[in-house]
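Good morning, and thank you for making time for this item. I would like to take you through one structure, beginning at its metal site and moving outward from there.

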Amino acid sequence: MMRMPGRRVGILSIPVLAVATLVFATHGSLLGQSSSPAAKKIAAVEPVPAATPFVEEHAHFDEKDPAGSVRAAVAALGRENAAMILFQISPDTFDHPGRYDSEIILAEVKKHNGKLALTGGGGSLNAMIMQAVSTGDAGPEVQKKFKARAEELLRKGVIGFGEMTAEHFDGFTPYQSAPPDHPLFLLLSDLAAEHSVPIDIHMEAVPQDMALPSDLKSPPNAARLHANIAAFERLLAHNPRANVIWAHLGSDFTGFRTVELDRRLLQAHPNLYMEIKTDPRAPGKNYPLGNDGKIKTDWLKMFTDFPDRFVIGSDQHYPEPKDADKRWQETILLFNQLPAEVRKKIGTENVAHLYGNSVAPFLRAAKN
Ligand SMILES: [Zn+2]
Ligand SMILES: [Zn+2]
């Protein structure tokens, strides 16, 4: 006899909208406010799927268990109403023990073509950039090796370059900083344009040189942060045929990734895209959702004014951490509030545009 916990059966019989309402009601608890324990338990246990299919365009995996990570991601597709999950490789340095790149999981991902896909370079191209920054050598030999590695990754089957970084606070991988217009970033944008693949870049927003925000520690982070927005704009302008995805919109740890800045850059650079990430455990300093769980007005206006320029990239790890609030869930609570036409673009169409034939044929099958 199949065992079905009564709780699950009960909840599944409630229409999705009713569950969504319950979760909104408890949203305050995720931000440290009180709510009824019963409602909280339901919210923690029963996920609210996306109202229409979406691509999780920025996820991570356990490099020590690639097969288990792939199993967990495939199992999550239906629960989330995700059409596809794209794994990214954390941006890393050569000095960091445990560094890895796409090869560690590629064979497992390929078994689920059309459901899972993979970017590459976080553990190699990104490390080469960090090394070039510290040695000051970005000469012809270094460029030749960089290009060869980028082309090798594409030949093996990655569908984009990521996760790269230009300003990354210490976390799973070390503190890293590089000018976004470094010669190797410019070369990467030419390679991305030539091969029609996007670049995914993690970059805390630093409009001007500034001290490290006081809630962060130095070391391991740098005590001073270098301005990077003007250099980022030079990268975007360098090759307008290279699409650049600025990761982690909604997860801002300097306080300078404002709606105003994002709007200005989207307006000025048609090749700029952004991944929406909302993490209730680390909401950062510019959060798209209010304490009531609703999208703030200026954020909603940005999503509807630039509907072709956003994708969902919640930074979810698979297997999902057992007792942590789920990033994908919070991001989908935002997604579900978007107007249907905007949701369709942000959910699947923009990803199909960015990654082309690697994903588009599979996404056409997803009903919006
Ligand atoms: Zn990141
Ligand atoms: Zn990431």
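The zinc ion (ligand 1) and the zinc ion (ligand 2) lie 3.3 Å apart, with Glu-163 coordinating both. Please keep in mind that what you see is a predicted model.

Let me take ligand 1 in detail. Three residues coordinate this zinc ion: Glu-163 through OE, His-202 through ND1 and His-248 through NE2, at 1.8 to 2.1 Å. Written as a sequence pattern, the donors of the zinc ion (ligand 1) follow the spacing E-x38-H-x45-H. The two histidines bring together distant parts of the chain: His-202 belongs to strand E7, residues 199-203, and His-248 to strand E10, residues 244-249, with the two positions 46 residues apart in the sense that they are 46 residues apart.

Are these histidines buried or exposed? His-202 has a relative accessibility of 10%, and because buried means under 20%, it counts as buried. For His-248 the value is 6%, so this residue also counts as buried.

Glu-163 deserves a further remark. This residue is part of strand E5, residues 161-168, and the peptide bond leading into it from Gly-162 is cis, with omega near -5 degrees. A cis peptide bond also occurs from Tyr-318 to Pro-319, where omega is near 0 degrees. Pro-319 is placed in the loop between strand E13 and helix H12, the latter comprising 327-335.

I turn now to the chain as a whole. It contains 14 helices and 13 strands. Of its 368 residues, 54% are buried. Among contacts with a separation of 6 or more, 78% are between residues 24 or more positions apart. The accessible surface amounts to about 16000 Å², and carbon and sulfur atoms contribute 56% of that.

Next, strand E1, residues 54-61. Why do I describe this strand as largely enclosed by the rest of the structure? The reason is that 8 of its 8 residues are buried. Which strands pair with E1? Strand E2, residues 82-87, runs parallel to E1 and is joined to it by 4 bridges; within that pairing, Val-55 has Met-84 as its bridge partner. Strand E13, residues 316-318, also pairs with E1 in the parallel sense, over 3 bridges, and here Ala-59 stands opposite Gln-316. Together with helix H4, residues 66-80, strands E1 and E2 form a right-handed β-α-β unit.

Ahead of E1, in the loop that follows helix H3 (37-45), we find Thr-52. Thr-52 is buried, at a relative accessible area of 12%, and its side chain makes a polar contact of 2.9 Å with the side chain of Arg-343.

Finally, two backbone details. Asn-81, in the loop between H4 and E2, has a positive phi of about 60 degrees although it is not a glycine. At 26% relative accessibility, Asn-81 counts as partly exposed. Ser-196, in the loop between helix H8 (183-195) and E7, likewise has a positive phi, near 55 degrees, and is a residue other than glycine. Ser-196 counts as exposed, with 57% relative accessibility.

To close, I would return to the metal site: Glu-163 coordinates both zinc ions, and the peptide bond from Gly-162 to this residue is cis. Thank you.

Notes. Residues are numbered from 1 along each chain as its sequence is written. Chains are lettered from A and ligands numbered from 1 in the order in which they are written. This is a predicted model: local features need pLDDT of at least 70, side-chain atom pairs count only at pLDDT 80 or more; totals for chains, interfaces and linings use all residues. Side-chain values use heavy atoms; hydrogens and water are left out. Donors are N, O and S atoms within 2.8 Å of the metal (3.2 Å for Na, K and Ca); water is not among the atoms, so sites may look incomplete. Buried means under 20% relative accessible area, exposed over 50%, partly exposed in between (1.4 Å probe, protein chains only). Contact means heavy atoms within 4.5 Å. Accessible areas come from the Shrake-Rupley method with a 1.4 Å probe; for residues, only the protein chains shown count as cover. Two strands pair if DSSP finds at least two bridges between them. A crossover is right-handed if, with the strands pointing away from the viewer, the path from the first strand over the helix to the second runs clockwise. A polar contact is a pair of N or O atoms within 3.5 Å; within protein, one must be able to donate a hydrogen and the other to accept it, and residues adjacent in sequence count only if both atoms are side-chain atoms.
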